[in-house]
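Student: I have a structure open and would like to talk through how its parts pack together. Could we take it step by step?

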Amino acid sequence: MDLGIKGKTAIVCAASKGLGRGCAEALAQAGVDLVINARSIGPLEQAAVELARHGVSVTPVAADITTNEGRAAVLAANPAPDILVNNAGGPPPGMWSDWEREDFIKALDANMLAPIAMMKATLPAMMERGWGRVVNITSQSVKSPIAVLGLSNSARAGLTGYVAGTARQVAGAGVTINNLLPGIHATDRAISLDQGVMAAQGITMEQAQAQRAATIPAGRYGTPDEFGAMCAFLCSKHAGFIVGQNILLDGGAVNATL
Ligand code: NAP
């Protein structure tokens, strides 16, 4: 399928690895010129070289997207992208009784306020042009809370509420905003959560992964490629009528009718 976005430009935040990288890969395959971001320069530059093999221009910006300075650096590379994919690292696991104000502020900065700031900065130009796509990478925790990820449950719920209201205010200008909710995907983040299970239960990595995979009806972790393909579709010319949705990519893990 021709996604109809060849020649458009995108910012993909937190994109040197994992799900952000999967999104960047699929957009590059569709012919989209990219600004990609992550904090560590080495893997980011490596990703830029690999993505450029699709024949698109790729500008890496090493910066922390959760800071004002980081976002300014990313936006300086492309102040008016056609497409914005918001992403950042997830908060650490713990117990509901562990977290103090500072922990919540960090989670809010990364998983709610950074994507909101990026949308505020880029939506006006999209609306003026009459076309734009925003995809926020959130989590299945928005639909079904994950006990050890209370910081994620909380911060991402805030972003979800903002998107629900905002998406309907910009849709008339040809701009869509949607959220992609990953369940467990095979990325570094999943490995670090597997390690948490391993340590907590005194089991091997294989046992921890088998235990977590058994919670997924599909019987396996998702892949960044599968995730990226959905992201690119939401950014395509075909997805202009999909507005303010929360789309689960979880192999059926959230046991719900709707
Ligand atoms: P990942 O494999 O650990 O990759 C994270 C990427 O984001 C890396 O490129 C990392 O590079 C970059 N990054 C992290 N913090 C950043 C920051 N402050 N500023 C800029 N770049 C940053 O993680 P992932 O699995 O792709 O997860 C992506 C998001 O989806 C996270 O919020 C995660 O919580 C959420 N999620 C993931 C899963 C899953 O199973 N994988 C499930 C549900 C939700 P640097 O470290 O160099 O910055």
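Student: Is the crossing of H3 and H4 right-handed or left-handed?
Tutor: Happy to help, and keep in mind that this is a predicted model. The axes of H3 and H4 lie 11 Å apart, and the two helices pack at an angle of about 35°. Their crossing is right-handed.

Student: Which residues of H3 and H4 make the contact?
Tutor: The residues of this contact divide into six nonpolar, one polar and one charged. On the H4 side they are Ala 114, Ala 117, Met 118, Ala 121 and Thr 122. On the H3 side they are Arg 71, Val 74 and Leu 75.

Student: Where on H3 do its buried residues fall, seen down the axis?
Tutor: Helix H3 covers residues 68-77, and its buried residues are Gly 70, Arg 71, Val 74 and Leu 75. Seen down the axis of H3, these fall within an arc of 125°, so they line one face of the helix. The face turned away from that buried side carries the exposed residues Asn 68, Glu 69 and Ala 76.

Student: What do the buried residues of H3 pack against?
Tutor: One partner is helix H4 (101-129). The others are strands: E1 (9-12), E2 (33-38) and E3 (58-62).

Student: Is the pair of Trp 99 and Phe 104 stacked or edge-to-face?
Tutor: A search of the whole structure finds one aromatic pair. Trp 99 counts as buried at 13% relative accessibility, while Phe 104 is partly exposed at 31%. Their ring centres are 6.4 Å apart and their planes stand at 80°, so the pair is edge-to-face.

Methods: Residues are numbered from 1 along each chain as its sequence is written. This is a predicted model: local features need pLDDT of at least 70, side-chain atom pairs count only at pLDDT 80 or more; totals for chains, interfaces and linings use all residues. Side-chain values use heavy atoms; hydrogens and water are left out. Buried means under 20% relative accessible area, exposed over 50%, partly exposed in between (1.4 Å probe, protein chains only). Helices (H or I, at least four residues) and strands (E, at least two) are DSSP runs, numbered from the N terminus. The arc is that of the directions from the helix axis to the C-beta atoms. Contact means heavy atoms within 4.5 Å. Axes are lines fitted to C-alpha atoms, for helices over the stretch in contact, and angles run from 0 to 180 degrees between N-to-C directions. A crossing is left-handed if the near helix is turned anticlockwise from the far one by less than a right angle, and right-handed if clockwise. Ala, Val, Leu, Ile, Met, Phe, Trp, Tyr, Cys and Pro count as nonpolar, Asp, Glu, Lys and Arg as charged, and the others, Gly among them, as polar. Rings of Phe, Tyr and Trp (its six-membered ring) pair if their centres lie within 6.5 Å; planes under 30 degrees apart count as stacked, over 60 as edge-to-face and the rest as tilted.
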